[in-house]
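Subject: Structure handover

Hello,

Here is the structure I promised to pass on. My notes on what I found in it follow below.

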Amino acid sequence: MQLEMSLEGIAVVLLGEADASRQAVLRYRRAGAALAHFDSPGAFMAAVALPARPGLVAVVGCLSSSGKKADDGDWAPVLDHYRSAGVPIVREPAAGPRGHVTLAGGGPGSRGLLTVDAVEALRDADVVLFDRLAPWRELERLTTAQLIDVGKLPGHHKVPQTEINRLLVEHARAGANVVRLKGGDPFVFGRGGEEAAACAEAGVPVRIVSGISSSIAVPAAAGIPVTHREVSHCFTVISGHAPLTPAEHEHLAGLGAAGGTLVVLMGVANLPHLASGLRRAGLPLDTPLAVVERGHQAGQRTTVTELGRAEADTAACGNPAVIVIGEVVRLAGLGSHAAERSELRDLAASLLDA
Ligand code: SAH
C-alpha cells in the first residue's frame, strides 16, 4: 500500500524475505513505524523481543491482485496467531525485480494523470531518474527510491542523453530496479526509443509503461478535442524544435486545409517561423490557433488567436506549451469544469507554496 498515514511510534511487525521486502521496509520506516522485520518464520520464532501486541502486521509478497485468496505459505501460523489476537494485517507487494529498467510515461505533470502501472513501478523502484516535465514534485510521496534529477535545472546544463543511457545501464547492472520517469508518453518525442535501445544493447531487460501524452491531454485541458466529428478527422503531432523546411510547411498546410488538426510540441520558440511558413504555404489567415501553456499544472493558460496574427498574440507565451492549429480550436473551453479545475489547482499550489 502507499503509506500516506503516519505510523509514528506504532509497533509494526513486517514479515517477508529480505530482498522482496526492501522497499516495504523503507516505506514503513519513512512512515515512522517502530519496525520489527523478520525475513523467515525461523527468525521470527527465534526472536526474543517481539512486540507484545503490535499495532499492525504487514506481510510481503503474498499479494493477490487477481482477487484470489492469498497464499500465506510458511507465514500462515504466524498470521493466524495475530489474526486471532485481533491485530490488523496488511499485505505489501514484493519489491521490483533487480537489474531491470522501466521506461514509464509520467503524463503531463499532474499526479492524477499517472497511470496505475506507473504508480506501481515507482512504488517498486530502487532508483528513479526523472526530468521536469514528469510529475516530479509527487515523487517523495510515491516512492522510497533514490531520486536522480536528469532534467534541466535553472542555471544548470541538462544531463546529456548518452549520460542518461549510461546511468540507466549502470544502476541496473548494480542490481537496482530502475524507473526512468519521463513526461507524457516515453515514445512521443521523449527519446524513449534510444533509452530502450541502450538497455537492450547492454543486455538489461526493459519494460515500457505508456503514459498520457501532452499532445492530446494538454489541448484537452483547455477543452480542445484534437478530433471532432465533422470538424477534424485526423491530427498530426509534430516537433517544432527545429525549423521546418518549405516542403514540410506545404505538407502540413495541406493537412490543415483538408481539416486536419496540427499539434506542435516544443514549438514556442519557433512559432513565428512556423506561422509564417504555414501562411506562405497557403493555410488561411483565419485558421484558429491556440497555445496552451503548463497544461494540467498550476498556472495553466490558454491563448486563442488566428494564424494571421499569431506572432503578436502569443509573444508572451513560454514553455512548456502545446500549440494547436485547426478548426477544433473554436471548441476551446469544452467541459466547463476545465477552467474551474485549473483555478482550484492554482489555489492549491499557492497554499502549498505558502
Ligand atoms: N513525451 C512527451 C513530450 C516530450 S517533448 C509527451 O508525450 O507529452 C516536450 C514538450 O511536450 C514540451 O516542449 C511541450 O511542448 C510538451 N509538454 C509536455 N508537458 C506539457 C505540459 N504540461 N503543458 C504544456 N506542454 C507540455
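**A316 and E293**

Leaving out neighbours up to four places away in sequence, A316 is in contact with E293 and R301. Please keep in mind throughout that this is a predicted model. A316 sits in the loop between α11 (310-313) and β14. With a relative accessibility of 63%, above the 50% cut-off, A316 counts as exposed. Its C-alpha lies 9.7 Å from that of T303, and the two residues are 13 apart in sequence.

E293, one of the two contacts of A316, belongs to strand β12. Is E293 buried or exposed? E293 counts as buried because its relative accessibility is 2%, and the limit for that class is under 20%. The side chain of E293 makes a polar contact of 2.7 Å with the side chain of R301. The E293 side chain also reaches the backbone nitrogen of G318, at 2.8 Å. Beyond four places in sequence, the residues that E293 touches are G299, Q300, R301, T303, A316, C317, G318, P320 and A321.

P320, which is on that list, lies in the loop between α11 and β14. The peptide bond that leads from N319 into P320 is cis, and its omega is near -10 degrees.

**Backbone angles to check**

Most residues other than glycine have a negative phi, and most peptide bonds are trans. Against that background, two non-glycine residues deserve a look. R294 has a positive phi of about 50 degrees and is found in the loop between β12 and β13 (301-306). R294 counts as partly exposed, at 28% relative accessibility. E230 has a phi near 65 degrees, again a positive value, and lies in the loop between α8 and β10 (235-239). At 76% relative accessibility, E230 counts as exposed. A glycine can be added here: G32, just after α1, takes a positive phi of about 95 degrees.

**The ligand**

The shell around the ligand has 19 residues, and P108, V188, S213, S214 and A321 come nearest. A321 is also among the residues that E293 touches. By class, the shell comprises 11 nonpolar, 6 polar and 2 charged residues. Helix α8 (214-221) and strand β14 each supply at least two residues of this shell.

Which residues place polar atoms by nitrogen atoms of the ligand? P108 does so with a backbone N or O atom, at 2.8 Å. D185 has a polar backbone atom 2.8 Å from a ligand nitrogen. For Q297, a polar side-chain atom lies 3.3 Å from a nitrogen atom of the ligand. The ligand taken alone exposes 550 Å², and the protein buries 94% of that.

**The nonpolar cores**

The largest nonpolar core has 20 residues, of which L278, L289, V291, I323 and I325 touch the most other members. At least two residues of this core come from each of α9 (246-257), β11 (261-265), α10 (271-280), β12 (288-293) and β14 (321-325). The most, 4 residues, are given by α10. A second core, separate from this one, has 16 residues, including V169, A172, V178 and A196.

L278 can serve as an entry point to the largest core. Apart from neighbours within four places in sequence, L278 is in contact with H249, L252, A253, L262, L283, L307 and I325.

**Helix α1**

In α1 (residues 22-30), the buried residues are R22, Q23, A24, V25, R27 and Y28. What covers these residues? The cover includes the strands β1 (11-15), β2 (34-38), β3 (56-60), β4 (89-92) and β8 (177-182), together with helix α4 (116-123).

**The chain as a whole**

The protein chain has 12 helices and 14 strands. Of its 354 residues, 47% are buried. Among contacts between residues at least 6 apart in sequence, 72% join residues at least 24 apart. The accessible surface of the chain comes to about 17200 Å², and carbon and sulfur atoms account for 56% of it.

Regards

Methods. Residues are numbered from 1 along each chain as its sequence is written. This is a predicted model: local features need pLDDT of at least 70, side-chain atom pairs count only at pLDDT 80 or more; totals for chains, interfaces and linings use all residues. Side-chain values use heavy atoms; hydrogens and water are left out. A nonpolar core is a set of buried Ala, Val, Leu, Ile, Met, Phe, Trp, Tyr and Cys residues joined through side-chain atoms within 4.5 Å. Buried means under 20% relative accessible area, exposed over 50%, partly exposed in between (1.4 Å probe, protein chains only). Contact means heavy atoms within 4.5 Å. Accessible areas come from the Shrake-Rupley method with a 1.4 Å probe; for residues, only the protein chains shown count as cover. A residue is near a molecule or strand if one of its heavy atoms lies within 4 Å of it. A polar contact is a pair of N or O atoms within 3.5 Å; within protein, one must be able to donate a hydrogen and the other to accept it, and residues adjacent in sequence count only if both atoms are side-chain atoms. Ala, Val, Leu, Ile, Met, Phe, Trp, Tyr, Cys and Pro count as nonpolar, Asp, Glu, Lys and Arg as charged, and the others, Gly among them, as polar.
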